[in-house]
Amino acid sequence: EESTDAAQLSSRSSDFNKAPSFVVYQHKQASFLRRCVYAACKNRAFIVQLFLITLMTRISLFLYVVHLPYVSNTFFLRESKNGVLNLWDECARLEAACNHKSNNATLCDEVAQQFVVNATTATADALQAECRHASGRTAEWQSASAAGGLLAGFVLGPILGRLSDAWGRRPLAQWTLVGDVLPALGLLLYAKANISLFLYYSLNIVASIIAPQQATDIAMTSAIADVTEKDDHPELVRTALAGLYLSSLSIAVVIGAPVASVLDAETAIVAGSSIIFIAFVWAMFLPETLSASNRHMLPRSAVAEVLFGRDGTLTAVRLVWSSRQLFGTALAGAFLSYALQGMQVITQQFLVLALGFNVREMSTALGVMGLGVLIWATVGAQLTQRILGVSWGVAVLALLSSAQQVAFSLSVNSLMATLLMLGMFLGATHPILVAYVAGLVSPKMQGQAQGCIQAAGALAGAISSVGGAQAFKAFVARPSASYNAGAEAYWISAGVCALAAPVAAIMLR
């Protein structure tokens, strides 16, 4: 019997040795997942709670962002003193009939004459110019809102990071919600009280300046560094949690955009505003992740200390400037942010004007885009970092994104444009860079270092928001018969995005 037991034990041992890689691989995978869940649930699940709050605010955003291009374009059509058209649906019909005017000029002229209610001599070209002017004004105001927030992020990013290292991550996350509540209130007043849409845009600009979105990013990325500080190998855990946070935007699109497509504009605005107000109340009860031992105490001269103190903003700036890896991250992130923010400002108007998207097609396209970001921010980021590492991974993703933008600008129909939105390669770059920075600096400098990196991206994004909108407006005013109106704006963005590739390949080694 003893010999039989020994033989069985030997056989099992032999079987185990035959396939050790499978067993070890299973163990490592389970261990990695447990580490991620453990980190996310620390400090009363701050990471999970802030993720859910962010998800709620972004779902609410996409409930009305699907309708906003049409609502805003109609508003600016009516604001035109000499305008003939009053509804964007009229522009959509006109653009559909006249986009291929060389093939059917008669149809274009017939549709144009349907909108001329008096004896005016408005031509199809004049009416198209009116539509494109309204679309350009929408892009301008949206870019002003985006640029205001991004410039505020550039100026305040390092300071907010420093304050988060002193006061904690919770106050920063709570204050950012003000930036969501104010524009929601302005849009709600437009929908229910017929107050001018300029109130919404004004409140959006003010909110973007006093409570920039970068504050939430800084709070979350710094909190991720806090909860993974004692992990043996935190890099992949940080990448995973940063990818989870970034995926909130994609999940929100996947949920919010389809729901918005079956709602009218007013109902979508009311529902979105209500969700934002609920998220704001929830944020008041968030826990904290920064321990007292890791906090920088601010003296009475807090502003001077934040800027010029030993551990102040200028120290963080010098730290980023003096480190090849940190400076390379800031520079690559700036180029990538330029491409990302430029696309955010003009893509909806491009789809509406150049390809004639309606609300349902827009919601489908945004849902596909959200799915693309989700895939690349989570699975894509992990696989890219494992296979290629940080430097070559970011470089390859930048080049793929450039190619995707050019192909998207040349879309010949709605199906091609929608499918190309799956290739949101930029979604993978942010979690990789966040985790990379977290591994380069000490726990006490996390907020400031992340703030400096966010500030560089914010400045580039602000330039892209304004420049992209102005370029789009100029290009659609002089469309070419060879390609889509406004396509040139994407080509500029693709060129800038490609610059991140050599920076990452050389400086992030």
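Modeller: A helix, as the word is used here, is a DSSP run of H or I covering at least four residues, and helices are numbered from the N terminus. The model before us is a predicted one, and its secondary structure comes to 21 helices and 0 strands.

Biologist: Which residues in helix 2 have a positive phi without being glycine, and how should I read them?

Modeller: Take the backbone angle together with the place of the residue. Arg44, which is found in helix 2, has a positive phi of about 55° although it is not a glycine. Ala45 also lies in helix 2, and its phi, again positive in a residue other than glycine, is near 55°.

Biologist: Are Arg44 and Ala45 buried or exposed?

Modeller: The cut-offs decide this, since buried means under 20% relative accessible area and exposed means over 50%. Arg44 has 60% relative accessibility and therefore counts as exposed, whereas Ala45, with a relative accessible area of 17%, is buried.

Biologist: How much of the protein counts as buried, and what does the accessible surface come to?

Modeller: Of the 509 residues, 54% count as buried. The accessible surface comes to about 22,000 Å², and 64% of that area belongs to carbon and sulfur atoms.

Biologist: How should I read the sequence separation of the contacts?

Modeller: One starts from contacts between residues at least 6 apart in sequence and asks what share joins residues at least 24 apart, which in this protein is 83%.

Biologist: Which residues touch the most other members of the largest nonpolar core, and which helix gives the most to it?

Modeller: That core has 113 residues, and within it Leu351 and Leu366 touch the most other members. Helix 2, spanning residues 20–65, gives the most to this core, contributing 16 residues. If residues up to four places away in sequence are not counted, Leu366 touches Phe62, Val65, Val66, Val253, Ala257 and Gln348. Apart from the largest core lies another, of 8 residues, including Val320, Val437, Cys452 and Ile453.

Biologist: Why is helix 21 described as largely enclosed by the rest of the structure?

Modeller: The reasoning is by counting: 6 of the 8 residues of helix 21 (residues 500–507) are buried, so this helix is largely enclosed by the rest of the structure. The buried residues are Ala500, Ala501, Val503, Ala504, Ala505 and Met507.

Biologist: What covers those buried residues of helix 21?

Modeller: The cover includes helix 15 (324–355), helix 16 (359–409) and helix 20 (487–498).

Conventions
Residues are numbered from 1 along each chain as its sequence is written. This is a predicted model: local features need pLDDT of at least 70, side-chain atom pairs count only at pLDDT 80 or more; totals for chains, interfaces and linings use all residues. Side-chain values use heavy atoms; hydrogens and water are left out. A nonpolar core is a set of buried Ala, Val, Leu, Ile, Met, Phe, Trp, Tyr and Cys residues joined through side-chain atoms within 4.5 Å. Buried means under 20% relative accessible area, exposed over 50%, partly exposed in between (1.4 Å probe, protein chains only). Helices (H or I, at least four residues) and strands (E, at least two) are DSSP runs, numbered from the N terminus. Contact means heavy atoms within 4.5 Å. Accessible areas come from the Shrake-Rupley method with a 1.4 Å probe; for residues, only the protein chains shown count as cover.
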